[in-house]
Amino acid sequence: MKDFKKSWAEPYKMKMVELLKVTSRSQRLAQIKKAGYNTFLLPSDFVYIDLLTDSGTGSMSDRQWSAFMLGDEAYAGSKSFERMEASIKEHYGYKYVIPTHQGRGAENLLSQIMIKKGQLVPGNMYFTTTRLHQELAGGIFTDIIIDEAHDPLNEHPFKGNVDLGKVESIIKKHGAKKIAYISIATNVNMAGGQPISMQNLKQLRSLTQKHGIKIIHDMTRVAENAWFIKQREKGYANRSVEEIVKELCSYTDGATMSAKKDALVNIGGFMATNDYDVYEEARNLVVVYEGLHTYGGLAGRDMEAIAVGIKESLDDNHQKARIGQVEYLGNKMIAYGIPIVKPIGGHGIFVDAKAFLPHLSQDQFPAQALAAEFYIDSGVRTMERGVVSAGRKANGENYNPALELVRFTIPRRVYTQAHMDVVAESTAEVFKNRNKIKGLKMIYEPKYLRFFQARFEKIK
Ligand SMILES: *Cc1c(COP(=O)(O)O)cnc(C)c1O
């Protein structure tokens, strides 16, 4: 790996392009109204630059597409599973692998196996599907992330860190037996794509080992976390992303992965564990929910693409360009005076809707309203990460998170610097007219993961 230049220019070129439709403001106004002011309900045909999510939206490489042709679609004992399993073992170091159709499939299996009713599941900030599976399995999520993570302006370099004091007091108060496991996400999504440091994870490891508590790794964005460790943590500047990822995984006992993010594929995931008993139980359960233990809801070609995608995700130059592009957009927004979560995270820019729309209270869904405004202005699709995403507690109360954010998620290897310019210009335009933006009222609320399908109306 040799640096070609200071710039983050992409280590690839384009071989095929996908044409986009440019829409008019009046078309977009009609579409967002029809979609109940929920960007998840917009038809993608009416979206110009799609920053809804980085999940399954990346571009595959020529190598991944050629691997597709090698897919072994045998129902049982697929060669493609062997290649995916080998890639996971080699790069992440876990002993046993169970394929699943995507991350939440793995979360379902793992939560059912490892959580007993009434047990606590401490985690470094919640993630929507992760916490829901923990709760459906009878677990109770408790937040153990450092307080800095809940403050959008705090520039702590490792806002994904665990507050070890919080873990100690949970153990002291409830006892180790009451804890199912500690759930650790790398590059914490809901905090704004913020990394955990190696030192913090190591310390957590020695604390939990003393009490016989396992650590389960949500490794959806582990390679992006590794890039930040390389940039920010003492002793890691000369280590490769590949080496750092392997070390991170080594301090955990098992993992769930959405391969749709880091691993550069459109669909796929897996559960991994070092514990034979957990593996055996997962092999039983996967057949019920996903498919046989050698395909888990995936086509052979998907597993081939994952095997290659994992390797590509660990290339230093890939991460430099990936995170470089996110930082480019973030710095542009900062220059326009847009309030965003700092430091700039790994997979997107998170606009602070509370600071952007101080005239709206949280029960008027400021982030939801703001995401709709960005779409109306330029056809850029973003999503809400605030009170709608946080959902309700078992007792029916809203979670009311401190962070009320609009997420601009950058798909991997998809958009250009010029697209980022258009996005930043649009946020500046909306910012100029922010005083006129009205809040929303929820008129339909689904029972689970409401942010996906909830509908809203403008408050008059
Ligand atoms: C996307 C995501 C998941 C869930 O994965 P899916 O593939 O969408 O089911 C879990 N955890 C994190 C941190 C994620 O970003």
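These entries record what I looked up in a predicted model.

**Entry 1: the largest pocket**

I began with the largest pocket, which holds about 1,600 Å³ of space. I found 38 residues in the lining, and the closest to the pocket centre are Met16, Ser59, Met60, Arg413 and Val414. I then sorted the lining by class and obtained 15 nonpolar, 10 polar and 13 charged residues.

Next I asked which helices each supply at least two residues of this lining. I noted α2 (62-68), α11 (300-313) and α16 (417-432).

I also asked why the largest pocket lies between domain 1 and domain 2. Domain 1 (25-54 + 316-458) and domain 2 (62-313) both contribute residues to the lining, so the pocket is placed between them.

**Entry 2: the ligand and its shell**

I turned to the ligand and listed 14 residues around it. Those that come nearest are Arg104, Asp218, Arg221, Ser258 and Lys261. By class, I recorded 1 nonpolar, 7 polar and 6 charged residues in the shell.

For secondary structure, I noted that α4 (103-114) and α5 (128-136) each give at least two residues to the shell. Of the elements, α4 gives the most, with 3 residues.

**Entry 3: polar contacts of the ligand**

I looked up distances between side-chain atoms and the ligand. For Gln102, a polar side-chain atom lies 2.8 Å from a ligand oxygen atom. For Arg104, an N or O atom of the side chain is 2.7 Å from an oxygen atom of the ligand. For Asp218, the partner on the ligand is a nitrogen atom, at 2.6 Å from an N or O atom in the side chain. I then checked how much of the ligand is covered: taken alone it exposes 370 Å², and the protein buries 95% of that.

**Entry 4: backbone geometry**

I closed with two backbone features. As background, most residues other than glycine have a negative phi, and most peptide bonds are trans.

Is the peptide bond from Lys342 to Pro343 cis or trans? I recorded it as cis, with omega near -10 degrees. I located Pro343 in the loop between α12 (316-335) and β9 (348-352).

I also noted Met125, a residue other than glycine with a positive phi, near 75 degrees. Met125 is in the loop that runs between β3 (120-123) and α5.

Methods:
Residues are numbered from 1 along each chain as its sequence is written. This is a predicted model: local features need pLDDT of at least 70, side-chain atom pairs count only at pLDDT 80 or more; totals for chains, interfaces and linings use all residues. Side-chain values use heavy atoms; hydrogens and water are left out. On a 1 Å grid over the protein atoms alone, a cavity is a set of points where a 1.4 Å probe fits but cannot get out, and a pocket is an open set with protein on both sides within 12 Å along at least five of seven lines; lining residues have an atom within 4 Å of a point. Grid points are joined across faces, edges and corners, and a volume is the space filled by probe spheres set on the points. Helices (H or I, at least four residues) and strands (E, at least two) are DSSP runs, numbered from the N terminus. Ala, Val, Leu, Ile, Met, Phe, Trp, Tyr, Cys and Pro count as nonpolar, Asp, Glu, Lys and Arg as charged, and the others, Gly among them, as polar. Domain bounds come from an automatic or database domain assignment. A residue is near a molecule or strand if one of its heavy atoms lies within 4 Å of it. A polar contact is a pair of N or O atoms within 3.5 Å; within protein, one must be able to donate a hydrogen and the other to accept it, and residues adjacent in sequence count only if both atoms are side-chain atoms. Accessible areas come from the Shrake-Rupley method with a 1.4 Å probe; for residues, only the protein chains shown count as cover.
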